Amino acid sequence: MNDMKHLFKQVIYDMKAQPVLGVVSIIGTALAIMLIMVVVMIQQTRVAPYAPESNRNRFLYTNGFMVRSEDGRMTSSSRHSLLALQELYGNLETPERVTVFGASFRDMEVSVDGVAPFMIDTRMTDDEYWHVFDHTFVDGHPYTAADATVKPAVAVITESVSRRLFGTEKSAGREFLCHQWPMKVCGVVKDVSPVMGMSYAQLWSPINPDQINQDRTKELSRRYFGSFDAVILLKDKNDMDAARKEIASRLATFDTQFVGSGYKRDTYGVLDQEEFSLDPGTNQEPDVAGTRRLYYAVYLILLLVPAINLSSMTQSRLRRRRHEIGVRRAFGATRNSVFGGILAENLVVTFVGGLVGLILSLSFAYLFADAIFDAWRGWNTPSIELGVSGAMLFRWPVFGLALLASFILNLLSAGIPAWRASRVNPVEAINNNEK
């Protein structure tokens with residue numbers, strides 16, 4: 001305890017003696033940590049589990065559908081038709097559930113009497129959607145498979161849309177117009193950020209199952225093209241390999257219908273959350289290892305560049321303490337104790353700078369979310385601001401990374417100056433005190 005008090009007293013004394021260098025050191029550390037944390041947050045929003053995608057570690061995503069002519073003259077790619085998703089991913093044994101939904105949202109006009117029409121983002125889904133994604137219902141309930149053909153059509157809306165239409169979040173059972181078609185609210189959920197991608201919309205409505213019959217009437221080269229995708233929810237995250245194996249077998253059986261047709265399917269297959277976050281092409285294998293190396297290189301650069309500048313400032317601070325270090329060495333302080341003490345003092349400074357940097361990164365990401373985050377996997381612009389919640393920005397692993405980055409920055413910036421200071425000749429240091 002006494003050692004800690006002495007350490008903090010020494011840091012405070014040093015800051016008062018050299019305020020400019022001290023403040024610049026903290027600011028430099030804070031900016032370095034802020035840049036690293038912003039990069040981490042951008043990457044985390046794409047792969048970390050957040051409601052309503054709390055089961056991302058158990059998700060497998062479909063990746064579009066591509067058909068090539070065997071002579072190489074024609075290539076067509078699109079999202080899936082309902083028929084394609086049924087034949088490829090229906091009734092799989094390994095997954096817990098499979099949901100089918102519109103690959104992107106559509107902007108449509110909604111209105112009620114007495115309220116000016118306004119545009120919202122809508123998405124069509126099956127009933128399994130509400131079991132795969134964990135939206136929070138504030139009123140009513142999700143629709144079921146039986147609701148797909150009822151009149152008027154049912155819908156789930158967000159609380160902000162409910163307030164704007166009806167002046168309250170409790171609007172289950174009330175009717176409104178969507179694109180001039182009457183609809184009835186069956187449930188109201190908390191708002192979802194467009195950053196979340198596949199779970200985002202402002203209105204969800206059931207898919208009409210009759211569309212599968214329409215898909216069957218098309219020629220082979222076109223019947224599997226559509227505007228839908230699927231997310232596969234596994235029973236356990238360790239089932240990834242088993243699920244991929246089962247799906248590969250299903251794909252092989254599916255491909256037999258193209259034999260002799262002059263066409264062949266050329267689709268990569270399903271993607272886990274990290275692979276999906278890279279947004280690869282329909283028939284491209286995502287380069288996860290390469291992307292990780294790129295992130296590591298970015299982190300290293302963001303640590304090395306400020307570390308070089310902070311190292312020179314640390315050296316400057318220690319140069320003014322040569323007399324003090326010389327006296328400590330003359331009174332028996334070992335090189336290791338001097339080295340460790342200087343590192344500990346600098347760690348306090350970098351720790352303070354790290355906390356400041358973390359606060360700055362959270363504030364920057366929250367205030368400028370529209371500038372640094374993307375509407376994930378969207379082919380159109382969302383009707384609302386991207387916005388991110390505090391829970392999406394602050395996670396304990398992110399806080400741990402901030403502390404680790406501060407520690408590494410401390411070693412990089414103070415290691416060499418501390419090593420040199422610990423090897424100072426006591427007599428020379430005392431006789432050549434630099435002011």
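A polar contact is a pair of N or O atoms within 3.5 Å; within protein, one atom must be able to donate a hydrogen and the other to accept it, and residues adjacent in sequence count only if both atoms are side-chain atoms. Keep that in mind for the first stop.

A word about what is on your screen: this is a predicted model, where local features need pLDDT of at least 70 and side-chain atom pairs count only at pLDDT 80 or more, while totals for chains, interfaces and linings use all residues. Residues are numbered from 1 along each chain as its sequence is written, and side-chain values use heavy atoms, with hydrogens and water left out.

**Stop 1: His 80**

Select His 80 and show its side chain. You are in strand β3, residues 75-80. Strands here are DSSP runs of E with at least two residues, helices are runs of H or I with at least four, and both are numbered from the N terminus. What does the side chain of His 80 reach? It gets to the backbone oxygen of Gly 64, at 3.3 Å. Now add Asp 229: its side chain makes a polar contact with the side chain of His 80, at 3.2 Å. His 80 counts as buried because its relative accessibility is 1%; the label buried means under 20% relative accessible area, exposed means over 50%, and partly exposed is in between, using a 1.4 Å probe and protein chains only.

**Stop 2: zoom out**

Show the whole protein chain as a cartoon. You should find 15 helices and 14 strands. Of the 435 residues, 47% count as buried. Switch on the surface: the accessible area comes to about 21,500 Å², and 56% of that belongs to carbon and sulfur atoms. (Such areas come from the Shrake-Rupley method with a 1.4 Å probe; for residues, only the protein chains shown count as cover.) Next, think about contacts, meaning heavy atoms within 4.5 Å. Among contacts between residues at least 6 apart in sequence, 77% join residues at least 24 apart.

**Stop 3: Met 37**

For an example of such a link, pick Met 37 in helix α2, residues 19-47. Is Met 37 buried or exposed? Met 37 is buried, because its relative accessibility is 0%. Leaving aside residues up to four places away in sequence, Met 37 touches Leu 358, Ser 361, Val 398, Leu 401 and Ala 402. Try the distance tool on the C-alpha atoms of Met 37 and Val 398: the two are 361 residues apart along the chain, yet 7.4 Å separates these atoms.

**Stop 4: the rings**

Colour Phe, Tyr and Trp. The structure holds 20 aromatic pairs. Rings of Phe, Tyr and Trp (its six-membered ring) pair if their centres lie within 6.5 Å; planes under 30 degrees apart count as stacked, over 60 as edge-to-face and the rest as tilted. Go to Tyr 61 and Phe 276, a stacked pair with 3.8 Å centre to centre and 5° between the planes. This pair links distant parts of the chain: Tyr 61 is in strand β1 (residues 59-61) and Phe 276 is in helix α8 (residues 273-277), 215 residues apart. Tyr 61 is buried, with a relative accessible area of 2%, and Phe 276 is buried too, at 1%.

Now widen the selection. Ring pairs join Tyr 61 and Phe 276 into a cluster with Phe 59, Phe 101, Tyr 129, Trp 130, Phe 133, Phe 137, Tyr 143 and Trp 204.

For another ring, choose Phe 118 and Arg 164. The charged end of Arg 164 sits over the ring of Phe 118, 3.9 Å from its centre. To earn that description, NZ of Lys or CZ of Arg must be within 6 Å of the ring centre and within 35 degrees of the ring normal.

**Stop 5: backbone oddities**

Select Ala 51 and Pro 52. The peptide bond between them is cis, with omega near 5°, and Pro 52 is in the loop between α2 and β1. Then jump to Lys 151 and Pro 152, where another cis peptide bond has omega of about -5°. Pro 152 is in the loop between β7 (137-140) and β8 (153-158).

Finish with Asn 91, in the loop between α3 (82-89) and β4 (95-102). Its phi is near 60°, a positive value in a residue other than glycine. Asn 91 counts as exposed because its relative accessibility is 75%. Gln 180 also has a positive phi, about 75°, without being a glycine. Look for Gln 180 in the loop between β9 (175-178) and β10 (181-189), exposed at 56% relative accessible area.
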